[in-house]
Amino acid sequence: MLLKNARRVIIAVIGGTVLLFSLVGYVMPIIPGIPLTFLGLAILATEFVWAKRLLRKAKVQASALMDNFRSKPAADEDPTNGPK
């Protein structure tokens, strides 16, 4: 029981620290915020159900965003005939 609680605390501290760095990454361009957010949630998801649900939702949203991004034609591209 003590070992399980110690593991949860260690994972919470590491995952929380990575999430804090990801928040800094959204402000400072030298630190990648979005990948660190996913990494922090993945670390927390190993022990916490709420983090697993949140990570799953974030993956679905990111996938939908990428699908939307891929389906839009480029600015210099004619949607009917391809690139100019």
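## A walk through the helices

Start by selecting Ala42, which sits in helix H2 (residues 33–45). Keep in mind that you are looking at a predicted model. With a relative accessibility of 32%, Ala42 counts as partly exposed. Now add Leu55 to the selection: it is 13 residues away along the chain, and the two C-alpha atoms are 6.8 Å apart.

Zoom out for a moment and colour by secondary structure. You should see 3 helices and 2 strands, running in the order α-α-α-β-β along the sequence. Of the 84 residues, 20% are buried. If you like contact maps, take the contacts with a separation of 6 or more: 34% of them are between residues 24 or more positions apart.

Next stop, Glu47. Show its side chain together with that of Arg7, and you'll find a salt bridge at 2.7 Å, N to O. Glu47 belongs to the loop between H2 and H3 while Arg7 is in helix H1, so this pair ties together parts 40 residues apart in sequence. How exposed is each partner? Glu47 is buried, at 19% relative accessible area, because the cut-off for buried is under 20%. Arg7, at 46%, is partly exposed.

Stay on Glu47 and bring up Arg8. This is another salt bridge, with the closest N and O atoms 3.9 Å apart. Here too, distant parts of the chain are linked, with Arg8 in helix H1 and Glu47 in the H2–H3 loop, 39 residues apart. Arg8 is partly exposed, at 29% relative accessibility.

How many salt bridges are there in the whole structure? A full search gives 3. For the one you haven't visited yet, select Asp67 and Arg70, whose side chains meet at 3.5 Å, N to O. Both are in helix H3, and since they are 3 residues apart, about one helical turn separates them. Asp67 is partly exposed at 44%, whereas Arg70 is exposed at 59%. By contrast with a lone pair, Arg7, Arg8 and Glu47 are joined into one network by salt bridges that share partners.

Now switch on the surface. About 6,700 Å² is exposed, and carbon and sulfur atoms supply 70% of that. Select Lys52, Arg53, Arg56, Lys57 and Lys59 to light up a patch of positive charge. Lys57 is in helix H3 (residues 49–71) and counts as exposed, at 58% relative accessibility.

Last, pick Leu20, Leu23, Val24, Tyr26, Val27, Met28, Ile30 and Ile34: together they make a nonpolar surface patch of about 860 Å². Helix H1 (residues 2–27) contributes the largest share, 5 residues. Tyr26 is in that helix and is partly exposed, at 49%.

Notes:
Residues numbered from 1 in each chain as written. Predicted model: local features only at pLDDT ≥ 70, side-chain atom pairs only at ≥ 80, totals over all residues. Heavy atoms only, no water. Helix = DSSP H or I, 4+ residues; strand = E, 2+ residues; numbered from the N terminus. Buried < 20%, exposed > 50% of the residue type's maximum accessible area, 1.4 Å probe, protein only. Contact = heavy atoms within 4.5 Å. Areas by Shrake-Rupley, 256 points an atom, 1.4 Å probe, with all protein chains shown as cover. Patch = residues over 30% accessible without salt bridge, like charges linked within 9 Å, V, L, I, M, F, W, Y side chains within 5 Å. Salt bridge = Lys/Arg side-chain N within 4 Å of Asp/Glu carboxyl O. Lys, Arg positive; Asp, Glu negative; His and termini not counted. Charge placed at Lys NZ, Arg CZ, Asp CG, Glu CD.
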